[in-house]
Amino acid sequence: MHSDPIADFLTRIRNAVSIERPYVDIPHSNLKQAVADALQREGFVWDSEVLETEPAKTLRVNLKYGPNGEQVINYIQRVSKPGRRIYSGSGDLRPVRHGTGITILTTPKGVLSNREARKEHVGGEVLAEVW
């Protein structure tokens, strides 16, 4: 068992992208599915689907690459950790890498990117940065 399932989720994506896998299978949870949906809305992955496997469900994330096979996800890192939680208000959310990257947050309105959170005027726990 992993002590930080979100860090494991991000590491599996980082490792799969580095060896150019078309998809990555991850043990399912609602939070991981919400993070995958946020990555899809922002254009970092194609889509995600839940597979009914035994003994538990599996989340399959279909990774996205450029027309010549270049990586769309160059950096994906956990920000808030179990030992040190990082929170940010909507006014403190700044563009990542001059707007080419995103920050993923858990908010009262669900898991959102920094762009969506600024638009909704909500803050929350900063889960990860992606570019």
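What follows is a walk through this structure, from its core outwards to a few local details. Keep in mind that the model is predicted.

Let's start in the middle. The largest nonpolar core holds 26 residues, and the ones with the most contacts inside it are Phe9, Ile13, Leu39, Val61 and Leu63. Helices and strands both feed this core: α1, β1 (23–27), α2, β3, β6 and β8 each put in at least two residues. The largest share comes from α1, with six residues.

Now follow the chain from its start. Helix α1 covers residues 5–18, and Pro5 belongs to it. Pro5 is partly exposed, at a relative accessible area of 40%. Although Pro5 and Lys32 are 27 residues apart along the chain, their C-alpha atoms are separated by 8.3 Å. That brings us to α2, since Lys32 is among the buried residues of that helix.

Helix α2 runs over residues 30–41, which makes 12 residues. From its first C-alpha to its last it reaches 16 Å, close to the 16 Å expected at 1.5 Å a residue. Which residues of α2 are buried? They are Lys32, Val35, Ala36, Ala38 and Leu39. These buried positions cover an arc of only 155 degrees around the axis, so they sit on the same side of α2. Leu39 turns up again in the core, as one of the residues with the most contacts there. After α2 comes Gly43, with a positive phi near 85 degrees.

A bit further along there is a backbone feature worth checking in your viewer. The peptide bond from Glu54 to Pro55 is cis, with omega near 5 degrees. As for where this happens, Pro55 is in the loop between β2 (45–51) and β3.

Two more backbone oddities share a loop. Arg97 is not a glycine, yet its phi is positive, at about 55 degrees. Its neighbour in number, His98, is not a glycine either and has a positive phi of about 60 degrees. Arg97 is found in the loop between β5 (87–88) and β6 (102–107), and His98 is found in the loop between β5 and β6 as well. How do they stand towards the surface? Arg97 counts as partly exposed, at 48% relative accessibility, whereas His98 is exposed, with a relative accessible area of 84%.

On to the strands, with β8 as our guide. Six of the seven residues of β8 are buried, so this strand is largely enclosed by the rest of the structure. Which way does β4 pair with β8, and over how many bridges? The pairing is antiparallel and has three bridges; in this pairing you can look for Arg78, which stands opposite Ala128 in β8. β5 also pairs with β8 in the antiparallel sense, over two bridges, and Ser88 stands opposite Gly124 in β8. Then there is β6, which pairs with β8 in the antiparallel sense over five bridges. Here Leu105 stands opposite Val126 in β8. Both β6 and β8 are also among the elements that each supply at least two residues to the core described above.

Just past β8 we reach the aromatic part of the story. How many aromatic pairs does a search of the whole structure find? It finds one. The partners are Tyr75 and Trp131, with 4.0 Å from centre to centre and 15 degrees between the planes. That pair counts as stacked because the cut-off for stacking is under 30 degrees. Tyr75 lies in the loop between β3 (58–63) and β4 (76–78), while Trp131 lies in the segment after β8 (124–130), so the pair ties together parts that are 56 residues apart in sequence. Both rings belong to partly exposed residues: Tyr75 has a relative accessible area of 30%, and Trp131 has 21%. For Trp131 the label follows from the cut-off, because buried means under 20%.

The last stop is another ring, Tyr23, and the charges that sit over it. The charged end of Arg21 is placed over the ring of Tyr23, 5.6 Å from its centre. Arg60 also lies over the face of Tyr23, and here the figure is 4.0 Å from the ring centre. If you have the model open, start at Tyr23 and look for Arg21 and Arg60 from there.

Technical notes. Residues are numbered from 1 along each chain as its sequence is written. This is a predicted model: local features need pLDDT of at least 70, side-chain atom pairs count only at pLDDT 80 or more; totals for chains, interfaces and linings use all residues. Side-chain values use heavy atoms; hydrogens and water are left out. Rings of Phe, Tyr and Trp (its six-membered ring) pair if their centres lie within 6.5 Å; planes under 30 degrees apart count as stacked, over 60 as edge-to-face and the rest as tilted. Helices (H or I, at least four residues) and strands (E, at least two) are DSSP runs, numbered from the N terminus. Buried means under 20% relative accessible area, exposed over 50%, partly exposed in between (1.4 Å probe, protein chains only). A charge sits over a ring if NZ of Lys or CZ of Arg is within 6 Å of the ring centre and within 35 degrees of the ring normal. The expected span of a helix is 1.5 Å times one less than its number of residues. The arc is that of the directions from the helix axis to the C-beta atoms. Two strands pair if DSSP finds at least two bridges between them. A nonpolar core is a set of buried Ala, Val, Leu, Ile, Met, Phe, Trp, Tyr and Cys residues joined through side-chain atoms within 4.5 Å.
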